[in-house]
Amino acid sequence: MKLWGGRFEKDTAEEVKKFSSSIASDSRLAQVDIQSSIAHAEMLGKQKIISQDDAQKIVQGLRQIESELAKGLWNFDPSAEDIHGEIERRLVEKIGEAGKRVHTARSRNDQIATDTRLYLNEKVEFIKAELKNLQSELLAQARINTETLIPGMTHFQHAQPISVAQHLLAYFWMFERDHERLRDSQKRISSMPLGSAALAGTGFQIDRLTTATKLNFKKVSENSLDAVSDRDFVIEFLSAAAISMMHLSRFCEEIIIWSSPEFSFIELGDEVTTGSSIMPQKKNPDVAELIRGRVGRVYGALMGSLTMMKSLPLSYNRDMQEDKFHLFEGIDTWSSCLSLMHLMLTKISWKKDKMLSALKADFSNATDLADDLVQKGMSFRQAHEVVGLLVQKCLNLNKGLEDLSLSELKAAHPLFDALSLSKLPHEAVLKARTSEGGTSPEAVKSQLLKAEKALESQSGPA
Ligand code: ARG
């Protein structure tokens, strides 16, 4: 149904209709559009802006449309201008004249802003659940790997040994911050634009609070102009999505590297890998690569929406119809990547022996040897020098620090003793990192408690 036309003498050109139609994307909003129209119609009836009888007819009609939709009994006209017009057309088709009153004291401008917020809030809850699922799996694997050694890297060079638990928990906290960002953004999503009408509000005696309560909004927007033209909440969601996708991409990169034959720290299950059409030996980490690749879509959506909003004069402009493409792209990509990441994680097997052998003679115990001298009174700078020379010597002898005998150690510096030697095995190096947040099994166990608490206290909308 065309929602305008009275002042036009000629019909819109077919190309323009096609070009400007948004039904292909905003049909996703059908359900929330019906919900918001029901709340609006009930409020109009309560305020006696339309008759109770008409309000009831509208609500019943909309409920019928909702159930037709759920049962797949109604297909939208793909040439319709947008979902709002399409639902109104169906309503009038069903209930006649009363249906023409649903748009009283409302504009598509406040309607679309309201629908998008309702839709996004639902999706945010869904994505929070996906994040939680992934975090639970990270926790489960961390719990059983507090003593599993893996090289800890800086500059992608062996730095100090850490536990697999410590590495997994690093991601746990990144996803926890992603969760916090989402939860915080809900405070701003949950502000209802409905009642702002086209841009300036309405002269009808509407009751916005009633509508907001029915729709579970936390508050009503303060300024009608801002309400119809604000898309910050879309950009904010996409920023959170972009950051989280960046986190996923780092994890994926590591999975790709770890599963390469040169590393072989992990093996990915057959369920989450693919083969090659030409090379029979191949087992490729495509899921990790695809998640890494899809970051581009979400960054694109963020940049697209920022650019779309840049310099737009107040208030509503049709440019803003484009927000849905970006938003839906962000929602779909982020949530599917989170769920696939979870699946992939459950199919990882950790190759403990490979990780241990990667640590052999890697000098990631050098800091501990220097710390040993410091504990015996030497300045750290001097200790660094002594151990550096010893590393040089070991490199020439083709052995690791842990392979040195007590006499070789003593030859390097008289302060070295049997205690120094006992600090060199990588297990001992791990156990020594007892500071809060450190990698020792003991410190990781208290970190696990914090992580469990954080996960338990995650909750619904802020
Ligand atoms: N399809 C439009 C959008 O998504 C709905 C609002 C249209 N308003 C208007 N005055 N043309 O932004």
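**Helix packing, domains and ligand shell in a predicted model**

The buried residues of helix α14, which spans residues 366-375, are Ala366, Asp368, Leu369, Ala370, Asp372 and Leu373. In this predicted model, these buried residues pack against four other helices, namely α15 (380-397), α16 (406-412), α17 (418-422) and α18 (426-432). Gly377 follows α14 and has a positive phi, near 110°.

The wider setting comes from the domain assignment, which divides the protein chain into domain 1 (14-104), domain 2 (109-358) and domain 3 (366-457). Domain 2 and domain 3 have C-alpha centres that lie 38 Å apart. Their contact takes 20 residues from domain 2 and 20 residues from domain 3.

The ligand brings another pair of domains into view. Its shell draws at least three residues from each of domain 1 and domain 2. The surrounding residues are Ser22, Asp82, His84, Arg108, Asn109, Ile112, Tyr316, Gln321 and Lys324. By character, this shell divides into 2 nonpolar, 4 polar and 3 charged residues. Helix α6, covering residues 108-143, gives the most to the shell, with 3 residues.

Three side chains deserve a closer look here. Asn109 places a polar side-chain atom 3.0 Å from a nitrogen atom of the ligand, and Gln321 places a polar side-chain atom 2.8 Å from a nitrogen atom of the ligand. For Lys324, an N or O atom in the side chain is 2.4 Å from an oxygen atom of the ligand. On its own the ligand has 340 Å² of accessible area, and the protein covers 87% of this.

Attention can now turn to helix α10, which runs over residues 232-258. Phe237 has its place in this helix. With a relative accessible area of 0%, Phe237 counts as buried because it falls under the 20% cut-off. Leaving aside neighbours within four places in sequence, Phe237 is in contact with Leu120, Val124, Ile127, Leu182, Leu327, Gly330, Ile331 and Trp334. One of these partners, Ile331, is 94 residues from Phe237 in sequence, yet the two C-alpha atoms are 8.8 Å apart in space.

Ile257 also lies in helix α10. Beyond residues up to four places away in sequence, Ile257 touches Phe156 and Phe263. A separation of 28 residues in sequence lies between Ile257 and Pro285, and their C-alpha atoms are 9.6 Å apart.

Helix α12, made up of residues 323-346, holds Ser335. Ser335 is buried, with a relative accessible area of 12%. Setting aside residues up to four places away in sequence, the contacts of Ser335 are Phe126, Ile127 and Glu130. Ile127 thus appears again, as a residue also in contact with Phe237.

Another buried serine is Ser229, in helix α9 (residues 224-229). The relative accessible area of Ser229 is 10%. With residues up to four places away in sequence left out, Ser229 touches Met309, Leu314, Ser315, Tyr316 and Met320. Among these contacts, Tyr316 is also one of the residues surrounding the ligand. Leu314 and Ser315, for their part, are joined by a cis peptide bond, with omega near 0°. Ser315 itself lies in the loop between α11 (286-309) and α12.

The backbone holds some further points of interest. Most residues other than glycine have a negative phi, and most peptide bonds are trans. Lys48, by contrast, has a positive phi near 60° and is not a glycine. This residue sits in the loop between α3 (30-46) and α4 (52-70). Lys48 counts as exposed because its relative accessibility, 72%, is over the 50% cut-off.

Ser264 likewise is not a glycine and has a positive phi, of about 50°. Its place is in the loop between α10 and β5 (266-268). Ser264 is buried, with a relative accessible area of 17%, whereas Lys48 is exposed.

Note on methods:
Residues are numbered from 1 along each chain as its sequence is written. This is a predicted model: local features need pLDDT of at least 70, side-chain atom pairs count only at pLDDT 80 or more; totals for chains, interfaces and linings use all residues. Side-chain values use heavy atoms; hydrogens and water are left out. A residue is near a molecule or strand if one of its heavy atoms lies within 4 Å of it. A polar contact is a pair of N or O atoms within 3.5 Å; within protein, one must be able to donate a hydrogen and the other to accept it, and residues adjacent in sequence count only if both atoms are side-chain atoms. Accessible areas come from the Shrake-Rupley method with a 1.4 Å probe; for residues, only the protein chains shown count as cover. Helices (H or I, at least four residues) and strands (E, at least two) are DSSP runs, numbered from the N terminus. Ala, Val, Leu, Ile, Met, Phe, Trp, Tyr, Cys and Pro count as nonpolar, Asp, Glu, Lys and Arg as charged, and the others, Gly among them, as polar. Domain bounds come from an automatic or database domain assignment. Buried means under 20% relative accessible area, exposed over 50%, partly exposed in between (1.4 Å probe, protein chains only). Contact means heavy atoms within 4.5 Å.
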